[in-house]
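Dear colleague,

I am handing over a structure to you with this message. Please look through the sequence and the coordinates first; my notes follow below them.

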Amino acid sequence: MPSRTTLPLLTSADVLANLSALRARQPVGYSAFYSSQLGGIVSDPALMVIPFDDHMVHRGHGVFDTAALVAGRIYDLEAHLDRFVASAERSKLVVPPRGEMRDIIIATAAASGQRDGSIRYWLSSGPGSLELSPAAGSQPGFFVMIFGGLSYPARWYTEGLRVMTTTYPIKPSLYAITKATNYLPNVLMQMEAKEAGYDNGVFIDQNGNVGEGSNMNVAFVMDDGIFRHPKFDHVLAGCTSLRLLELARSLVGKELRGVEVCDIAVGDARAAREMFLIGSSVKVAPVVGWDDRPIGDGKPGPVSRALLALLDNDMRTSDRLTDVPY
């Protein structure tokens, strides 16, 4: 007689205990979580859950964005909401009123008590079936998470990091410019880079132009002193990149000769004086090697340091900060 596996039929109390045990085995730094499906905020990570049949879970039909929480204020929230709404509309999601989402984000940050970290928020088409299309009558799910933020090694900033050209193809433009939850190409690229001993990867488009990193934009200071960033028609329009393109103009006539957004051929990029990764979590991290070839003199350059200083100052003193009522 073949053996049969006997599985327990869990009670609600069993489930809660098992969820708590899971978080005990995998400790996380999640401070607060809002769920429109739960109708409020929870602070226990064991309760930060989404139904398995939510279309975002089993079909990847959802969008997200992340904003920084700096000294008790949210940096550049309106720009992040602009991108969030645009991604949701391209994904054919029912978008709640913008003001309502904004208020929920601020209220969740206040409930967390956390003054520095990250705010990540999602919009899904909701639960109700396992079909390819959203369930009839499903309600969109809006979720907000307050957490410590992504962290990167200190050596990235002091010594610089190394990247490789990924073997995975870049996303088609529609998906690249939409900040959706389907990050499989990005995940595979990052895994490939780590397995090969690199810190990150870089996508190259079909025309041999530079794309983006796994979850960061890529930019360069070319040998002519021009700060160049790839066009945003085939890579995600990073809010940090867009702001840095504005801030970098203050360096023209000093560290820079100009600022441009254009196609950047791989051959030209490899000959750059400086290269860096840009993102809301990584900020500005200098790249000193690409595919075992040095960038510039193989050391972090002055423009990466100047841009990081400009961004750090902007994140604390600019008019792009939203107060959180703790």
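Which element gives the largest share of the lining of the largest pocket? Helix H7 does, with four residues. Please keep in mind throughout that this is a predicted model.

**The pockets**

The largest pocket holds about 690 Å³ of space. Its lining is made up of 38 residues, and those nearest the centre are Leu150, Tyr183, Ser214, Asn215 and Met216. Two or more lining residues come from each of E3, helix H3 (77-90), helix H6 (173-176), helix H7 (184-195), H8 and strand E12 (274-279). By class, the lining of the largest pocket comprises 15 nonpolar, 16 polar and seven charged residues.

The second largest pocket has about 500 Å³ of space. It is lined by 18 residues, with Gly60, His61, Ser91, Tyr175 and Ala180 closest to its centre. Seven of the lining residues of this second pocket are nonpolar, seven are polar and four are charged.

**The cavity**

How many cavities of 30 Å³ or more does the structure hold? There is one, and its volume is about 70 Å³. The residues that line this cavity are Ala68, Tyr75, Asp76, His80, Cys239, Thr240, Gly279, Ser280, Lys283, Leu311 and Met315. Helix H8 (239-247) and helix H10 each contribute at least two residues to that lining. Sorted by class, the cavity lining has five nonpolar, four polar and two charged residues.

**Helix H10 and aspartate 314**

Helix H10, which spans residues 302-317, contains aspartate 314. Is this aspartate buried or exposed? Aspartate 314 has a relative accessible area of 6%, and it counts as buried because that value is under the 20% cut-off. Apart from neighbours within four places in sequence, the residues in contact with aspartate 314 are Tyr75, Arg243, Leu247 and Arg320. One of these, Tyr75, also appears in the lining of the cavity.

H10 itself lies across three strands, namely E3 (62-70), E4 (73-75) and E15. The helix runs at about 135 degrees to E4.

**The seven-stranded sheet**

Strands E3, E4 and E15 belong to an open sheet of seven strands, in the order E2-E1-E6-E5-E3-E4-E15, with antiparallel pairing. Which strands stand at the edges of this sheet? They are E2 (40-42) and E15 (321-323); each has a single partner strand, so one side of each is left without a neighbour in the sheet. From one strand to the next, the twist averages 25 degrees.

Within this sheet, strand E1 (residues 30-35) and strand E6 (residues 141-147) form an antiparallel pair over five bridges. Tyrosine 30 has phenylalanine 147 of E6 as its bridge partner.

**Parallel pairings of E7**

Strands of a sheet pair through backbone hydrogen bonds, in either a parallel or an antiparallel sense. In which sense do E7 and E13 pair, parallel or antiparallel? Strand E7 (residues 161-165) and strand E13 (residues 283-290) are parallel, with three bridges between them. In this pair, arginine 162 stands opposite glycine 289 of E13. E7 also runs parallel to strand E8 (residues 200-202), to which three bridges join it. There, methionine 164 stands opposite glycine 201 of E8.

**Two residues with positive phi**

Two further residues may merit your attention when you go through the backbone. Alanine 71 is not a glycine, yet its phi is positive, at about 50 degrees. Alanine 71 sits in the loop between E3 and E4. With a relative accessibility of 39%, alanine 71 counts as partly exposed.

Lysine 92, likewise not a glycine, has a positive phi of about 60 degrees. This lysine is located in the loop between H3 and helix H4 (98-112). Is lysine 92 buried or exposed? Its relative accessibility is 74%, and lysine 92 therefore counts as exposed, the cut-off being over 50%.

With kind regards

Definitions and conventions: Residues are numbered from 1 along each chain as its sequence is written. This is a predicted model: local features need pLDDT of at least 70, side-chain atom pairs count only at pLDDT 80 or more; totals for chains, interfaces and linings use all residues. Side-chain values use heavy atoms; hydrogens and water are left out. Buried means under 20% relative accessible area, exposed over 50%, partly exposed in between (1.4 Å probe, protein chains only). Contact means heavy atoms within 4.5 Å. On a 1 Å grid over the protein atoms alone, a cavity is a set of points where a 1.4 Å probe fits but cannot get out, and a pocket is an open set with protein on both sides within 12 Å along at least five of seven lines; lining residues have an atom within 4 Å of a point. Grid points are joined across faces, edges and corners, and a volume is the space filled by probe spheres set on the points. Ala, Val, Leu, Ile, Met, Phe, Trp, Tyr, Cys and Pro count as nonpolar, Asp, Glu, Lys and Arg as charged, and the others, Gly among them, as polar. Two strands pair if DSSP finds at least two bridges between them. Axes are lines fitted to C-alpha atoms, for helices over the stretch in contact, and angles run from 0 to 180 degrees between N-to-C directions.
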